[in-house]
Amino acid sequence: MVNKKNGEIRNHKIINKISMAQTKNILGLQLPTDPRWVDLASISLEDILTDHAYCEQKATASCMSLIQRHPSKEKMVEELSPIVTEEWGHFRLVLAELQKRNLKLGKQRKDEYVNKLLAFQRKGGAEEERFLDQLLTMALIEARSCERFKRLSERLDDEYLRNFYRRFMESEAGHYHLFIELAENYIDKEKVRKRWKEWLQYEAEIIESLEVRGDRIH
């Protein structure tokens with residue numbers, strides 16, 4: 001079973017670090033979110049909650065896919081199994097928030113951010129390298145989601161939604177760290193760290209190139 005106590009201690013340390021961070025280097029990210037994003041998101045709540053719901057749904061599917069592809073990696077299966085339940089629970093929470101506000105779950109949009117990340121994954125070569133890129137992609141999505149949720153928890157006018165996103169921020173922080181830990185459990189740490197730096201630089205280029213829009217989490 002997952003060591004819940006150790007996980008909570010780990011998450012608490014990460015959350016404290018995030019809480020003290022300002023606009024740079026949150027979770028290692030090289031480029032902070034444009035401040036205009038929260039302003040735009042605050043006037044597009046139906047869109048942002050819809051997109052958030054689908055992000056949680058896709059996170060659930062991604063964890064399940066990793067388990068299905070690598071059933072022999074027992075530690076990963078053990079650690080990701082409760083994350084599947086948690087992510088689906090997040091989808092239900094966001095869906096409930098939409099319903100409470102008499103808003104509708106809209107259609108899923110094309111995710112330019114994630115598609116650009118997927119394009120950076122190594123498709124050929126060693127299986128270990130492909131596996132590493134899958135884990136780091138998920139770590140990066142969780143890190144950027146955490147950073148975005150932090151912005152929402154600080155700057156939305158709606159106090160309830162600020163607290164709502166504070167809870168999501170805390171959860172995403174733990175998930176980000178878990179994917180890095182899993183990578184280092186199966187692959188040489190130096191290889192992981194070297195590739196992670198490459199991912200962070202590439203992600204910054206993506207963020208810089210994308211239009212600032214308030215109708216999406218990424």
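This report describes the fold, the helix α4, the nonpolar core and the cysteines of a predicted model.

## Overall architecture

The chain contains eight helices and zero strands. Read from the N terminus, the order of elements is accordingly α-α-α-α-α-α-α-α.

The chain has 218 residues, of which 47% count as buried. Its exposed surface comes to about 11,500 Å², and carbon and sulfur atoms supply 50% of that area. Considering contacts between residues at least 6 apart in sequence, 82% join residues at least 24 apart.

## Helix α4

Helix α4 spans residues 74-100, a run of 27 residues. The distance from its first C-alpha to its last is 40 Å, close to the 39 Å expected at 1.5 Å a residue. The helix nevertheless carries a kink of about 25 degrees at Leu80, shortly before the proline Pro82. After α4 comes Asn102, which has a positive phi, near 60 degrees.

The buried residues of α4 are Met76, Glu79, Leu80, Ile83, Val84, Glu87, His90, Phe91, Val94, Glu97 and Leu98. An α-helix has 3.6 residues a turn, so residues three or four places apart point the same way. The cover over the buried residues of α4 includes α3 (45-69), α6 (127-155) and α7 (159-186). The buried set holds nonpolar residues such as Ile83 and Phe91, and also Glu79, Glu87, His90 and Glu97.

## Nonpolar core

The largest nonpolar core comprises 57 residues. Within this core, the residues with the most contacts are Leu80, Tyr113, Tyr165 and Trp196. Two or more residues are contributed by each of α2 (36-42), α3, α4, α5 (112-120), α6, α7 and α8 (189-209). Leu80 thus appears both among these highly connected core residues and as the site of the kink in α4.

Which residues does Trp196 touch, leaving aside its neighbours within four places in sequence? Trp196 is in contact with Leu136, Ala139, Leu140, Tyr176 and Ile180. Of these partners, Leu136, Ala139 and Leu140 fall within the range of α6, while Tyr176 and Ile180 fall within that of α7.

## Cysteines

The structure holds zero disulfides. Are Cys63 and Cys146 buried or exposed? Cys63 counts as buried because its relative accessible area is 1%, under the 20% cut-off. Cys146 is likewise buried, since its relative accessibility is 0%.

Technical notes:
Residues numbered from 1 in each chain as written. Predicted model: local features only at pLDDT ≥ 70, side-chain atom pairs only at ≥ 80, totals over all residues. Heavy atoms only, no water. Helix = DSSP H or I, 4+ residues; strand = E, 2+ residues; numbered from the N terminus. Expected span 1.5 Å × (residues − 1). Bend = angle between axes of the 7 residues up to and from the residue. Buried < 20%, exposed > 50% of the residue type's maximum accessible area, 1.4 Å probe, protein only. Contact = heavy atoms within 4.5 Å. Areas by Shrake-Rupley, 256 points an atom, 1.4 Å probe, with all protein chains shown as cover. Disulfide = S-S within 2.5 Å. Core = buried A, V, L, I, M, F, W, Y, C linked by side-chain atoms within 4.5 Å.
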